[in-house]
Amino acid sequence: DKDGDGIADGDDKCPDVPGIAEEQGCPKKAPKEEELAVIAKKINFATGKATILKTSYPQLDELANLLAQYLEAKISIEGHTDNIGNAAANKKLSQQRADAIKKYLVSKKVAATRITAIGYGSERPADGSTDVKAGNKTKEQQAANRRVEIHSKK
């Protein structure tokens with residue numbers, strides 16, 4: 001076990017780099033979706049703007065640090081809104097918010113080529129429905145739809 005990861009060299013697909021058993025001795029390739037979801041839920045913006053609230057900086061720094069651990073990992077940042085107001089304006093705002101997160105991560109030395117930013121507006125309600133009106137009937141649904149999602153890209 002020349003890399004000291006506890007996996008015998010004969011079983012280790014990456015014998016020169018410490019890794020984990022789940023990856024046959026190689027390093028993890030990407031952060032877990034659950035980790036990304038927890039971070040995403042804590043990212044907030046000024047109402048009606050793409051300005052990231054300063055209270056979200058620790059989460060974004062955590063995301064940058066996580067991506068520094070997985071140098072091959074790529075992510076997608078998805079911006080979502082409720083259906084209140086103009087659909088085109090909501091789609092633009094959701095794209096601006098996703099772009100703002102990407103810009104922040106790039107400022108923390110995460111390569112822009114590792115990040116895709118997509119604004120969906122109100123097209124994808126949080127409840128998974130395909131009917132935007134049905135997915136935005138209550139205040140609770142609308143609040144759930146005003147969100148950011150972050151996913152590992154395969």
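The following dialogue goes through several features of a predicted model and how each can be read.

Colleague: Where should I begin with the fold, and which elements does the chain contain?

Modeller: The secondary structure comes to 4 helices and 3 strands, and from the N terminus on these elements run α-α-β-α-β-α-β. The C-alpha atoms of the chain fill a box of roughly 60 × 30 × 25 Å when it is taken along the principal axes.

Colleague: How much of the chain is buried, and what share of the exposed area do carbon and sulfur atoms supply?

Modeller: Buried residues make up 38% of the 154 residues, while the chain exposes about 9100 Å², of which carbon and sulfur atoms supply 54%. Among contacts between residues at least 6 apart in sequence, 56% join residues at least 24 apart. As for charge, the chain has 26 positive and 23 negative charges, and the mean positions of these two sets are 12 Å apart.

Colleague: Let us turn to the aromatic rings; how is a pair of aromatic rings described?

Modeller: The description of a pair of aromatic rings rests on the distance of the centres and the angle of the planes. In this structure, a search of the whole model finds 1 aromatic pair. Its members are Tyr57 and Tyr104, whose ring centres are 5.2 Å apart and whose planes stand at 25°, so the pair is stacked, given that planes under 30 degrees apart count as stacked.

Colleague: Which parts of the chain does the pair link?

Modeller: The pair links distant parts of the chain, since Tyr57 belongs to helix 2 (residues 57–69) and Tyr104 to helix 3 (residues 87–107), with the two positions 47 residues apart in sequence numbering.

Colleague: Are Tyr57 and Tyr104 buried or exposed, or partly exposed?

Modeller: The reading depends on the relative accessible area, where under 20% means buried and over 50% means exposed. Tyr104, at 14%, is therefore buried, whereas Tyr57, at 30%, is partly exposed.

Colleague: What else lies in helix 2, for instance at Gln59?

Modeller: Gln59 also has its place in helix 2, and because its relative accessibility is 15%, Gln59 counts as buried. If neighbours within four places in sequence are left aside, Gln59 is in contact with Ile39, Lys42 and Ile43.

Colleague: Which charged residue sits over the ring of Tyr120?

Modeller: That residue is Arg124, whose charged end sits over the ring of Tyr120 at 3.9 Å from the ring centre.

Colleague: Which residues should I look at for a positive phi, although they are not glycines?

Modeller: Gln24 has a positive phi of about 55°, and Lys109 has a positive phi of about 75°, although neither Gln24 nor Lys109 is a glycine. Gln24 lies in the segment before helix 1 (33–41), and at 39% relative accessibility it counts as partly exposed. Lys109 is placed in the loop between helix 3 and strand 2 (115–121), and at 74% relative accessibility Lys109 counts as exposed.

Colleague: What does Asp127 touch, once residues up to four places away in sequence are not counted?

Modeller: Asp127 touches Gly135, Gln141 and Asn145. Asp127 itself is found in the loop between strand 2 and helix 4 (139–145), and with a relative accessible area of 46% it is partly exposed.

Colleague: How can separation along the chain be set beside separation in space, taking Asp127 and Ala144 as the case?

Modeller: One gives the sequence separation together with the C-alpha distance: Asp127 and Ala144 are 17 residues apart along the chain, and their C-alpha atoms are separated by 8.3 Å. Ala144 has its place in helix 4 and, at 37% relative accessibility, counts as partly exposed. Ala144 can also be set against Glu72, which is 72 residues away in sequence and 31 Å away in space, C-alpha to C-alpha.

Colleague: Where does Asp11 lie, and what is the C-alpha separation of Asp11 and Ala21?

Modeller: Asp11 lies in the segment before helix 1 and is exposed, with a relative accessible area of 58%. Asp11 and Ala21 are 10 residues apart along the chain, and their C-alpha atoms are separated by 9.5 Å.

Terms used: Residues are numbered from 1 along each chain as its sequence is written. This is a predicted model: local features need pLDDT of at least 70, side-chain atom pairs count only at pLDDT 80 or more; totals for chains, interfaces and linings use all residues. Side-chain values use heavy atoms; hydrogens and water are left out. Rings of Phe, Tyr and Trp (its six-membered ring) pair if their centres lie within 6.5 Å; planes under 30 degrees apart count as stacked, over 60 as edge-to-face and the rest as tilted. Buried means under 20% relative accessible area, exposed over 50%, partly exposed in between (1.4 Å probe, protein chains only). A charge sits over a ring if NZ of Lys or CZ of Arg is within 6 Å of the ring centre and within 35 degrees of the ring normal. Contact means heavy atoms within 4.5 Å. Accessible areas come from the Shrake-Rupley method with a 1.4 Å probe; for residues, only the protein chains shown count as cover. Lys and Arg count as positive and Asp and Glu as negative; His and the chain ends are not counted. The place of a charge is taken as NZ of Lys, CZ of Arg, CG of Asp or CD of Glu.
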